[in-house]
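Here is a short tour for anyone opening this structure for the first time. Keep the view open and follow along as we go from one spot to the next.

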Amino acid sequence: MPLTAYDLTGRTAIVTGAARGIGRATAALLAEAGATVYCADLDDRGIEATAAAITAAGGSAHPRPLDVTRRDQVAAVVDAALDATGRLDVMANIAGIMHSSAVLETEDADLDRVWNTNFKGVLYGCQEAARAMIATATRGSIVTMASGAIDTGAPGLLCYGAAKAAVVQLTKTLATEVGRHGIRVNAVAPGWIRTAMTDRHTAEAQQQAEKPMIRMSPLGRVGEPEDIAHAVLHLASDASSFTTGQILRPNGGVAMPW
Ligand code: NAI
């Protein structure tokens, strides 16, 4: 570890959504930085695979089945981390779902499903983590996952964008309330990242979908999960010790092309 500010040795992290995509890359990077990582997700086999890959690379990881829409399950993962390590330094709330429907076609059930996962799931993570950090006097870092959808309208993204905008409000509000405990709370708002969430299944459809991003981005490319993992590591570590209530936008220079 050449830069000690990024060193997470001796620290405990929980990563939700760790079965694949951005969550998986983040769990791997936090572990590489030295943290003991609790890999939490609905997808049991995915978290087993993430934890196994981390362990094989010499890191420390524990798979934990979790549905973020269930507060009792979120609390149980936090308790497990506390029981085993006595601390919680990093809570990375990455689990999320995509939903697309035009405003005029959006049904209550769509709104509820997206809200429950993408907002309430993050709220539970923030609440349970902050309580644990306060109780153990750990000056921890909470990271939430927003999206470029917070910055602009885009067809079909009402439910998703509204929940992500609410996550930003949660992030900024919580930062003002827990800062006196030394706890920092920040959001990451990625642009288009190549994961299962943005997979269009055929190479042709993928190219079509990525075209506007590549055209509009000054960097001329879409993002990879590792691009976002590094943003999370920055916010999780002492490298960002004077940063709280902020939104970091790793998006190749463009929020939401459409
Ligand atoms: P992904 O679909 O590859 O992974 C999401 C993970 O969350 C999956 O492993 C899934 O099982 C898990 N998950 C879903 N609902 C859950 C629940 N109720 N409880 C526990 N785990 C649950 O998606 P990706 O791309 O890795 O996204 C991660 C986060 O980044 C999400 O919050 C997403 O909204 C956000 N994001 C992604 C972007 C992208 O372009 N891929 C852009 C901006 C934000």
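## A serine at the start of a strand

Serine 60 is partly exposed, as its relative accessible area comes to 29%. This is a predicted model, so treat every value here as computed from predicted atoms. You'll find serine 60 in strand 3, which covers residues 60–65.

Which residues does serine 60 touch, once those up to four places away in sequence are set aside? They are Ala31, Ala35, Thr36, Val37 and Ile54. Threonine 36 deserves a second look: it sits 24 residues from serine 60 in sequence, yet their C-alpha atoms are 4.9 Å apart in space. The side chains of serine 60 and threonine 36 also make a polar contact, at 3.4 Å.

## An asparagine tucked away

Now move along to strand 6, residues 184–188, where asparagine 186 is found. Is asparagine 186 buried or exposed? Its relative accessibility is 0%, so asparagine 186 counts as buried.

Quite a list of residues from elsewhere in the sequence touches asparagine 186. Leaving out neighbours within four places, its contacts are Ile142, Val143, Thr144, Thr171, Leu235, Thr243, Thr244, Gly245 and Gln246. With glutamine 246 there's a bit more to say: its backbone nitrogen lies 2.9 Å from a polar atom of the asparagine 186 side chain.

## Helices side by side

Next come the helix pairs. Two packed helices are described by the angle between their axes and the distance between the axes. Here are three pairs from this model:

| Helix pair | Angle between axes | Axis distance |
|---|---|---|
| Helix 4 (residues 108–135) and helix 5 (residues 158–178) | about 15° | 9 Å |
| Helix 1 (residues 21–32) and helix 7 (residues 225–236) | roughly 50° | within 8 Å |
| Helix 3 (residues 71–85) and helix 4 | roughly 35° | within 9 Å |

Start with helix 4 and helix 5, which pack at about 15°. That angle makes helix 4 roughly parallel to helix 5. The crossing of this pair is right-handed. On the helix 4 side, the contact residues include Leu111, Trp115, Phe119 and Ile134, while those of helix 5 include Tyr160, Val167, Leu170 and Val178. Sorted by class, the residues where helix 4 meets helix 5 come out as 18 nonpolar, one polar and two charged.

Helix 1 and helix 7 cross at roughly 50°, which makes helix 1 oblique to helix 7. This crossing, too, is right-handed. Helix 1 brings Gly21, Ile22, Ala25, Thr26, Leu29 and Leu30 to the contact, and helix 7 brings Pro225, Glu226, Ile228, Ala229, His230, Val232, Leu233 and Ala236. How do these residues divide by class? Ten are nonpolar, three are polar and one is charged.

Helix 4 turns up again in the pair with helix 3, where the axes come within 9 Å. Once more the crossing is right-handed. From helix 3, Arg71, Val74, Ala75, Val78 and Leu82 take part, and they meet Tyr124, Gly125, Gln127, Glu128, Ala129, Arg131 and Ala132 of helix 4. By class, the contact of helix 3 with helix 4 counts seven nonpolar, two polar and three charged residues.

## Loops worth a click

Let's finish in the loops. Most residues other than glycine have a negative phi. Alanine 137 has a positive one, near 50°. This alanine is in the loop between helix 4 and strand 5 (141–145), and with a relative accessible area of 66% alanine 137 is exposed.

Histidine 201 also has a positive phi, about 75°, without being a glycine. Where is histidine 201 found? Look in the loop between strand 6 and helix 6 (203–216). Histidine 201 is exposed, at 72% relative accessible area.

One last stop is alanine 102, in the loop between strand 4 (90–93) and helix 4. Alanine 102 is partly exposed, with 34% relative accessible area. Trace the chain from alanine 102 to glutamine 127 and you cover 25 residues; the C-alpha atoms of the two are separated by 32 Å. Glutamine 127 is also one of the helix 4 residues in the contact with helix 3.

Key
Residues are numbered from 1 along each chain as its sequence is written. This is a predicted model: local features need pLDDT of at least 70, side-chain atom pairs count only at pLDDT 80 or more; totals for chains, interfaces and linings use all residues. Side-chain values use heavy atoms; hydrogens and water are left out. Axes are lines fitted to C-alpha atoms, for helices over the stretch in contact, and angles run from 0 to 180 degrees between N-to-C directions. Helices (H or I, at least four residues) and strands (E, at least two) are DSSP runs, numbered from the N terminus. Angles under 35 degrees count as roughly parallel, over 145 as roughly antiparallel, 65 to 115 as roughly perpendicular and the rest as oblique. A crossing is left-handed if the near helix is turned anticlockwise from the far one by less than a right angle, and right-handed if clockwise. Contact means heavy atoms within 4.5 Å. Ala, Val, Leu, Ile, Met, Phe, Trp, Tyr, Cys and Pro count as nonpolar, Asp, Glu, Lys and Arg as charged, and the others, Gly among them, as polar. Buried means under 20% relative accessible area, exposed over 50%, partly exposed in between (1.4 Å probe, protein chains only). A polar contact is a pair of N or O atoms within 3.5 Å; within protein, one must be able to donate a hydrogen and the other to accept it, and residues adjacent in sequence count only if both atoms are side-chain atoms.
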